[in-house]
Amino acid sequence: GSTYLAIAIAVQTLPQLFSAGLRFCLAGVVLLAFIAARRGLRVDRAQLAGASIVGLLLLVGGNGFVVLAERSVPSGLTALIIASVPLWIVILRRIAGDRIHPSTFVGVAVGFAGVAFLVAGRGGTGSVDPGGLALLVVATVSWALGTFLAPRLRMPRDGLLSTGIQQLAGGIVLV
């Protein structure tokens, strides 16, 4: 939840997508430089494409739309809506034909209810921009889709390498 508070503060004074993109570009470059110095960068085009697609879905679609939405949606409500990502992942898995254990449904529902309880306990602050809410819904679906596709796409076996590529790809598009 503190991530969304930090974003809410940043969007008041910084160019939203540029600041988010710069953050990811820097993180991606540092991570990839570290990997290159330690063991070299070995990635084929299919792995590069897979990691880039996931990076675009997670960071541009997921994080980028959250940054834009937080111009008009309170951070507590943002955290609640983002907490629906596991629900979307379960829905995507079900659409794909995966068998979902009932305990997964219960766990996701209890987790979401807990976040709703924490946010609702603070009370409402008035009307919320429907455009901001729509951006948050798109962000949650994009993040869930990236998470859902990650194990289904050809990705680098090295998780740090994959993360670095994702950060750099998403950061470049956000900038």
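## Contacts, core and salt bridges

Leaving aside neighbours within four places in sequence, S162 is in contact (heavy atoms within 4.5 Å) with A51, M155 and P156. This is a predicted model, in which local features need pLDDT of at least 70 and side-chain atom pairs count only at pLDDT 80 or more, while totals for chains, interfaces and linings use all residues. Residues are numbered from 1 along each chain as its sequence is written, and side-chain values use heavy atoms, with hydrogens and water left out.

S162 is found in helix α8; helices here are DSSP runs of H or I with at least four residues, numbered from the N terminus. With a relative accessible area of 5%, S162 is buried, where buried means under 20%, exposed over 50% and partly exposed in between (1.4 Å probe, protein chains only). Its C-alpha atom is separated by 8.3 Å from that of Q47, although the two positions lie 115 residues apart in chain numbering.

**The nonpolar core**

A nonpolar core is a set of buried Ala, Val, Leu, Ile, Met, Phe, Trp, Tyr and Cys residues joined through side-chain atoms within 4.5 Å. The largest one has 27 residues, of which I7, V66, I82 and L136 touch the most other members. At least two residues of this core are supplied by each of α1 (2-10), α2 (16-39), α3 (45-69), α4 (75-82), α5 (85-95), α7 (130-149) and α8. The largest share, seven residues, comes from α3. In soluble globular proteins, nonpolar side chains tend to be buried together.

L136 touches V66, A69, V73, T78, I81 and I82, when residues up to four places away in sequence are not counted. Its partner T78 lies in helix α4. T78 counts as buried because its relative accessibility is 0%. Apart from residues up to four places away in sequence, T78 touches Y4, V66, E70, V73 and L136.

Within α5, the residues V85, I89 and V90 are buried. They lie on the same side of α5, because they cover an arc of only 140° around the axis; the arc is that of the directions from the helix axis to the C-beta atoms. G97, just after α5, takes a positive phi of about 95°.

**Salt bridges between distant segments**

Side chains of opposite charge can pair when their charged atoms come close. A salt bridge is taken here as a side-chain nitrogen of Lys or Arg within 4 Å of a carboxyl oxygen of Asp or Glu. By this rule the model has four salt bridges.

R39 and D158 meet through their side chains in one of these, at 2.8 Å from N to O. The pair links distant parts of the chain, 119 residues apart, with R39 in helix α2 and D158 in the loop between α7 and α8.

R154 forms a salt bridge with D44, and the closest N and O atoms are 2.4 Å apart. This pair also links distant parts of the chain: R154 belongs to the loop between α7 and α8, D44 to the loop between α2 and α3, and they are 110 residues apart. Leaving aside neighbours within four places in sequence, R154 is in contact with D44, A46, Q47, G50 and A51. The C-alpha atoms of R154 and R45 are 9.6 Å apart in space, for a sequence separation of 109 residues.

A further salt bridge joins the side chains of R152 and D98 (2.8 Å, N to O). R152 lies in the loop between α7 and α8 and D98 in the loop between α5 and α6 (102-120), so this pair ties together parts that are 54 residues apart in sequence. R93, D98 and R152 are joined into one network by salt bridges that share partners.

The accessibility of several of these charged residues is listed below.

| Residue | Relative accessible area and class |
|---|---|
| R39 | 39%, partly exposed |
| D158 | 22%, partly exposed |
| D44 | 26%, partly exposed |
| R152 | 42%, partly exposed |
| D98 | 22%, partly exposed |

**A nonpolar surface patch**

F18, L22, L26 and V175 make a nonpolar surface patch of about 370 Å². Patches consist of residues with over 30% relative accessible area and no salt bridge, like charges being joined within 9 Å and nonpolar side chains (Val, Leu, Ile, Met, Phe, Trp, Tyr) within 5 Å. Accessible areas come from the Shrake-Rupley method with a 1.4 Å probe, and for residues only the protein chains shown count as cover. V175 is found in the segment after α8 (159-174). At 48% relative accessibility, V175 counts as partly exposed.
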